[in-house]
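Here is a structure to read through in short questions and answers. Have the sequence and the 3D view ready.

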Amino acid sequence: MSAAAYNCLTLAGPVTEPMPVSVKNSILIYQALKSVGVRLISALPETWLVHLIQLAEDDPDTTLVRLNKEEEGVGISAGAHFAGAKSAMLMQNPGLLSSVNGIVSLAQLYRIPLLMLISYRGEMGERDPWQTEGGLVTEPLLQALGIPYRMLADPQRVAKEVRDAQTLAEASLRPVALLLTRDLMWEE
């Protein structure tokens with residue numbers, strides 16, 4: 001599927017205005033995940049993640065697990081870890097909120113290296129009112145859970161930040177989050 005076609009998709013089907021989600025930066029993120037050995041990705045459909053999800057689906061060397069709810073991704077990543085595979089969870093920040101039980105009672109309790117890439121909706125410049133509440137509590141929640149995180153905004157730092165996050169997750173055997181910002185994911 002072409003980049004133009006990707007930009008015109010939503011969960012409800014085609015839209016009249018293209019969504020300016022960055023294909024180029026999505027490819028950078030995907031290549032960075034592959035370079036650290038991630039071969040299993042779990043995700044729910046989400047606007048900012050549409051290209052990452054499609055890249056995973058189209059790649060015969062990667063397994064994409066489509067989730068019904070984000071918390072399932074914690075179990076998928078735990079299973080991958082115990083099988084010796086590296087995984088990543090793709091989610092929107094409200095998905096982080098709904099995953100807290102799995103993160104605490106599985107990933108943190110049993111020391112699972114959980115790499116989470118979270119579209120950081122609701123930050124400055126957010127146009128969708130339904131996204132703003134999740135944005136307000138994302139960082140305080142990560143801090144309260146003791147989950148190290150970084151914001152990804154600069155395309156030139158994506159590979160290093162993904163590598164550093166995966167290294168920390170593996171060394172600490174704990175969840176680590178990368179917040180995908182509007183500056184990185186959106187082309188206006």
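**Reading the fold**

Q: What share of the contacts with a separation of 6 or more comes from residues 24 or more positions apart?
A: This is a predicted model. The contacts asked about are those in the protein with a separation of 6 or more. Residues 24 or more positions apart account for 74%.

Q: How many helices and how many strands are there in the protein?
A: Both kinds of element are present in the protein. The count is nine helices and eight strands.

Q: What percentage of the residues of the protein count as buried?
A: The protein has 188 residues. Buried means under 20% relative accessible area. The share that meets this is 49%.

Q: How much of the exposed area do carbon and sulfur atoms supply?
A: The protein exposes about 8900 Å². Of this area, carbon and sulfur atoms supply 57%.

Q: Is Y30 buried or exposed?
A: Y30 sits in helix α2, which covers residues 23–35. The cut-off for buried is under 20% relative accessible area. Y30 has 8% relative accessibility, so Y30 is buried.

Q: Which residue has a side chain joined to that of Y30 by a polar contact?
A: Leave out residues up to four places away in sequence, and Y30 touches I41, L52, L55, A56, D59 and T62. One of these also makes a polar contact of 2.8 Å, side chain to side chain. That partner is T62.

Q: What distance separates the C-alpha atoms of Y30 and V158?
A: Along the chain, Y30 and V158 are 128 residues apart. In space, their C-alpha atoms are separated by 9.7 Å.

Q: Where does P155 lie, and what is its C-alpha distance to L28?
A: P155 is placed in the loop between β7 and α8. Its contacts beyond four places in sequence are N25, L28 and L184. P155 and L28 are 127 residues apart in sequence. From C-alpha to C-alpha, the distance is 7.3 Å.

Q: Is Q156 buried or exposed?
A: Q156 lies in the loop between β7 (149–152) and α8 (158–172). Its C-alpha atom is 8.9 Å from that of L28, a residue 128 positions away along the chain. Exposed means over 50% relative accessible area. Q156 has 74%, so Q156 is exposed.

Q: Which residue offers the backbone oxygen that the side chain of Q108 reaches?
A: Q108 belongs to helix α6, residues 100–108. With 14% relative accessibility, Q108 counts as buried. Apart from residues up to four places away in sequence, Q108 touches I103, L145, I147, R174 and P175. Its side chain reaches, at 2.9 Å, the backbone oxygen of L145.

Q: Which residue has a side chain in polar contact with the side chain of E46?
A: E46 is in the loop between β3 (38–43) and α3 (50–58). At 8% relative accessibility, E46 is buried. Its side chain also reaches the backbone nitrogen of W48 at 3.0 Å. The polar contact between side chains, also 3.0 Å, is with S119.

Q: Which residues does E46 contact, leaving aside its neighbours within four places in sequence?
A: Set those neighbours aside, as the contact list does. The residues in contact with E46 are then I53, Q92, S119 and R121.

Q: What is the phi of R111?
A: R111 is found in the loop between α6 and β6 (115–119). R111 is partly exposed, at 42% relative accessibility. Its phi is positive, although R111 is a residue other than glycine. The value is near 55°.

Q: Where is L173, and what is its phi?
A: L173 is in the loop between α8 and β8 (176–180). L173 is partly exposed, with a relative accessible area of 33%. L173 is not a glycine, yet its phi is positive. Phi is about 55°.

Q: How many charged residues are in the lining of the second largest pocket?
A: The second largest pocket holds about 230 Å³ of space. It is lined by 12 residues, and T47, R121, E126, D128 and W186 lie nearest its centre. By class, the lining has five nonpolar and two polar residues. The number of charged residues is five.

How values were computed:
Residues numbered from 1 in each chain as written. Predicted model: local features only at pLDDT ≥ 70, side-chain atom pairs only at ≥ 80, totals over all residues. Heavy atoms only, no water. Helix = DSSP H or I, 4+ residues; strand = E, 2+ residues; numbered from the N terminus. Buried < 20%, exposed > 50% of the residue type's maximum accessible area, 1.4 Å probe, protein only. Contact = heavy atoms within 4.5 Å. Areas by Shrake-Rupley, 256 points an atom, 1.4 Å probe, with all protein chains shown as cover. Polar contact = N/O pair within 3.5 Å; in protein donor to acceptor, adjacent residues only side chain to side chain. 1 Å grid on protein atoms, 1.4 Å probe; cavity = no way out; pocket = protein on both sides within 12 Å on 5 of 7 lines; lining within 4 Å. Points joined across faces, edges and corners; volume = space filled by probe spheres on them. Nonpolar A, V, L, I, M, F, W, Y, C, P; charged D, E, K, R; others polar.
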